[in-house]
Amino acid sequence: MEMEDEESDETMTTISRHCFGTESSRFCISIIENMKEDYGLFVWPSSVILAEYVSQHKQRFQGATVLELGAGTSLPGLVAAKLGAHVTLTDHSQRLQVLENMRKVCDLNKLDCNVRGLTWGVWDSSIFNLHPTIILGADVLYDSNAFDNLFATVTFLLRKSPGSVFITSYHNRSGHHLIEFLMGKWGLKCLKLLDGFSFLPPEKASLISGNIQLAEIAVI
């Protein structure tokens with residue numbers, strides 16, 4: 001990962017480059033981060049892990065309709081777009097700075113993604129018009145007060161699109177029983193559960209830490 005710093009009196013903006021694939025198919029995504037502002041303007045380890053997982057499943061994402069929830073700096077969604085997916089990047093409707101940064105990052109990488117505000121648990125046109133086949137969410141299980149709104153939103157979207165799946169990476173802060181409880185409550189099942197470091201290249205794994213898991217979730 002390469003980084004360039006541009007610092008002003010009020011903010012510190014960093015452009016980080018995240019590269020994926022082998023030598024013959026290598027590509028990089030540039031991300032605009034702000035270390036002094038919203039947590040949605042920083043690339044968290046769970047995002048790196050989910051983006052790597054996406055990059056290793058190229059055929060699955062080619063032509064797929066992908067929605068990233070709580071996208072923030074949007075690394076996983078941008079990787080999906082680079083692989084040929086039709087991507088919608090979302091974050092809380094009131095986080096205007098984050099949404100604007102998402103648009104700038106799309107322009108920086110010359111990727112045509114739809115950027116929109118979507119607040120979990122709010123049922124307006126922003127959610128009714130979405131029909132994703134794959135939903136992505138990196139570190140969206142961080143605020144227990146938002147869990148029900150998140151899973152209500154995910155369940156609604158999965159039921160609208162039969163066969164769709166929710167792929168999420170998260171810090172396992174309180175054990176897998178938490179996500180098991182939420183899945184049971186909302187009528188969901190875990191299709192796959194992986195240690196986030198099990199597929200991460202050593203050069204990336206050495207830069208991050210934590211007990212991070214990745215789960216694929218679908219309706220029962």
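A residue is called buried here when its relative accessible area is under 20%. By that cut-off, helix H1 of this predicted model is mostly covered, with 11 of its 11 residues buried. The buried set in H1 takes in Pro45, Ser46, Ser47, Val48, Ile49, Leu50, Ala51, Glu52, Tyr53, Val54 and Ser55, so charged and polar names sit in the list beside the aliphatic ones. Helix H1 spans residues 45–55 and lies across strands S7, S8, S9 and S10, running at about 140° to S8.

The sheet that helix H1 lies across deserves a closer look. Seven strands form an open sheet in the order S6-S5-S4-S7-S8-S10-S9, and their pairing is mixed. Strands S6 and S9 are the edges, each pairing on one side only. Direction ignored, neighbouring strands of this sheet are turned by 20° against each other on average. Helix H6 (residues 147–160) also packs here in the sense of contact: H6 lies across S4 (65–69), S7, S8, S9 and S10, and runs at about 50° to S10.

Each edge of the sheet can be followed residue by residue. At one edge, strand S5 (residues 86–91) and strand S6 (residues 114–117) run parallel and are joined by four bridges. Within this pair, Thr90 has Arg116 of S6 as its bridge partner. The connection between the two strands passes through helix H4 (residues 96–108), and S5, H4 and S6 together make a right-handed β-α-β unit. At the other edge, S9 and strand S10 (residues 212–219) run antiparallel, with seven bridges between them. Here Lys189 stands opposite Ala218 in S10.

Two loops hold residues with a backbone angle worth a glance in the viewer. Most residues other than glycine have a negative phi. Lys110, in the loop between H4 and S6, has instead a positive phi of about 55° although it is not a glycine. Asp139, in the loop between S7 and H6, likewise has a positive phi, near 55°. Their surroundings contrast: Lys110 is exposed, with a relative accessible area of 74%, whereas Asp139 is buried at 11%.

The cysteines complete the picture. One disulfide is counted in the model, and it joins Cys19 to Cys28 with an S to S distance of 2.0 Å. The link of Cys19 and Cys28 is right-handed, with 100° about the S-S bond. Both ends are covered: Cys19 counts as buried because its relative accessible area is 15%, and Cys28 counts as buried because its value is 18%. Cys113, by contrast, is in no disulfide, and the nearest cysteine sulfur, that of Cys106, is 4.1 Å away. That distance lies outside the 2.5 Å within which two cysteine sulfur atoms are taken as a disulfide. Cys113 is nonetheless buried, at 12% relative accessibility, while Cys190 is partly exposed, with a relative accessible area of 31%.

Confidence in the prediction varies along the chain. The protein chain averages a pLDDT of 90, and 91% of the residues score at least 70. Over residues 3–10, however, pLDDT stays under 50, and for this stretch the model has 17 contacts beyond four places in sequence.

Key: Residues are numbered from 1 along each chain as its sequence is written. This is a predicted model: local features need pLDDT of at least 70, side-chain atom pairs count only at pLDDT 80 or more; totals for chains, interfaces and linings use all residues. Side-chain values use heavy atoms; hydrogens and water are left out. Two strands pair if DSSP finds at least two bridges between them. A crossover is right-handed if, with the strands pointing away from the viewer, the path from the first strand over the helix to the second runs clockwise. Axes are lines fitted to C-alpha atoms, for helices over the stretch in contact, and angles run from 0 to 180 degrees between N-to-C directions. Contact means heavy atoms within 4.5 Å. pLDDT is the predictor's confidence in each residue, from 0 to 100. Buried means under 20% relative accessible area, exposed over 50%, partly exposed in between (1.4 Å probe, protein chains only).
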